[in-house]
Every structure is written in structure tokens, then in C-alpha cells.
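User: I would like to learn how to read salt bridges and disulfides from a coordinate file. Could you take me through them on an example?
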Amino acid sequence: VQLVESGGGLVQVGGSLRLFCAASGSGFSINAMGWYRQAPGTQSELDAIITSGVSTMYIDSVKGRFTISRDNAKNTVYLQMNSLKPEDTAVYYCAADRYFSKLRTGVPDYWGQGTQVTVSS
């Protein structure tokens, strides 16, 4: 499975970005897809997960600001990020696995290469 992210960039405080992640190369249906972030000098942190049945989970710091969605037919997941803050600056990674629990615990089988999001104040 290959995951390819796009949509990162530089945005001002309070602005919005939409991240995209397309999955390819697998013969099985990927159930859970999600987004992690990693700021310099920190460990990666889960932001949001979505299942093929479109159940979602968010960490508290992004609830109400970020929205995760997916197109199952295209094996693509999106992250709409609104009201961005400087502390949202990080490399954002798309991840996928057959099992929701593996994304929730930070050990999904598949990772993208990351896309940089920078929020300037």
C-alpha cells in the first residue's frame, strides 16, 4: 500500500488548509485511515481517524477545528483544517491499516511521506 499526501503549505493564523491522502496498491479494503502530526523535536501525535463506515475520532485539541472525511471508492482521505494556530505547525502524515485499533495506538502498517504545514503568526 502506498499513501501519497498533498495539500500542505504556509498559512496565517486563523486560516485554513485541506490535506489529501490517496491510497493505492492494495487488493484489500483499508478500513481505517487517519492523520498524525509531528512537530520538530516531538513524537508523532494522532489527530484524527476515520473508518470505512465513516465513524470518526478526534483528539481534543482539534475538535471543532479539523474535519476528517473520506471517499471509499477512491481510497482517499481528507483533513480540513480551520482556525489554524501556530502550534498546529508540523509535518502531517497520513496513515492506514485494516484495524482501527492500530491507528488509535500509533502503530498502523502504512504511512505516507508527510506534508509540511506551517502556520505563521
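Analyst: A salt bridge is counted when a side-chain nitrogen of Lys or Arg lies within 4 Å of a carboxyl oxygen of Asp or Glu. This is a predicted model, and by that rule it has 6 salt bridges.

User: Which residue forms a salt bridge with D47, and how far apart are the closest N and O atoms?

Analyst: The partner of D47 is R37, with 3.0 Å between the closest N and O atoms. D47 sits in strand β5 (residues 45-51) and R37 in strand β4 (residues 32-38), so the pair, 10 residues apart, links distant parts of the chain. Both D47 and R37 are buried.

User: Is D60, which pairs with K63, buried or exposed?

Analyst: D60 is exposed, at 63% relative accessibility. Its closest N and O contact with K63 is 3.1 Å.

User: What is the accessibility of K102 and of D97?

Analyst: K102 is partly exposed, with a relative accessible area of 23%, whereas D97 is buried at 2%. Their salt bridge has its closest N and O atoms 3.4 Å apart. Elsewhere, R37, D47, R65 and D88 are joined into one network by salt bridges that share partners.

User: How many disulfides are there, and which cysteines form a disulfide?

Analyst: The count is 1 disulfide. C21 and C94 form it, with their sulfur atoms 2.0 Å apart. The torsion about the S-S bond is about -80°, so this disulfide is left-handed. C21 belongs to strand β3 (residues 17-24) and C94 to strand β9 (residues 90-97), so the bond ties together parts 73 residues apart in sequence. C21 is buried, at 0% relative accessible area, and C94 is buried at 0% too.

Conventions
Residues are numbered from 1 along each chain as its sequence is written. This is a predicted model: local features need pLDDT of at least 70, side-chain atom pairs count only at pLDDT 80 or more; totals for chains, interfaces and linings use all residues. Side-chain values use heavy atoms; hydrogens and water are left out. A disulfide is a pair of cysteine sulfur atoms within 2.5 Å. Helices (H or I, at least four residues) and strands (E, at least two) are DSSP runs, numbered from the N terminus. Buried means under 20% relative accessible area, exposed over 50%, partly exposed in between (1.4 Å probe, protein chains only).
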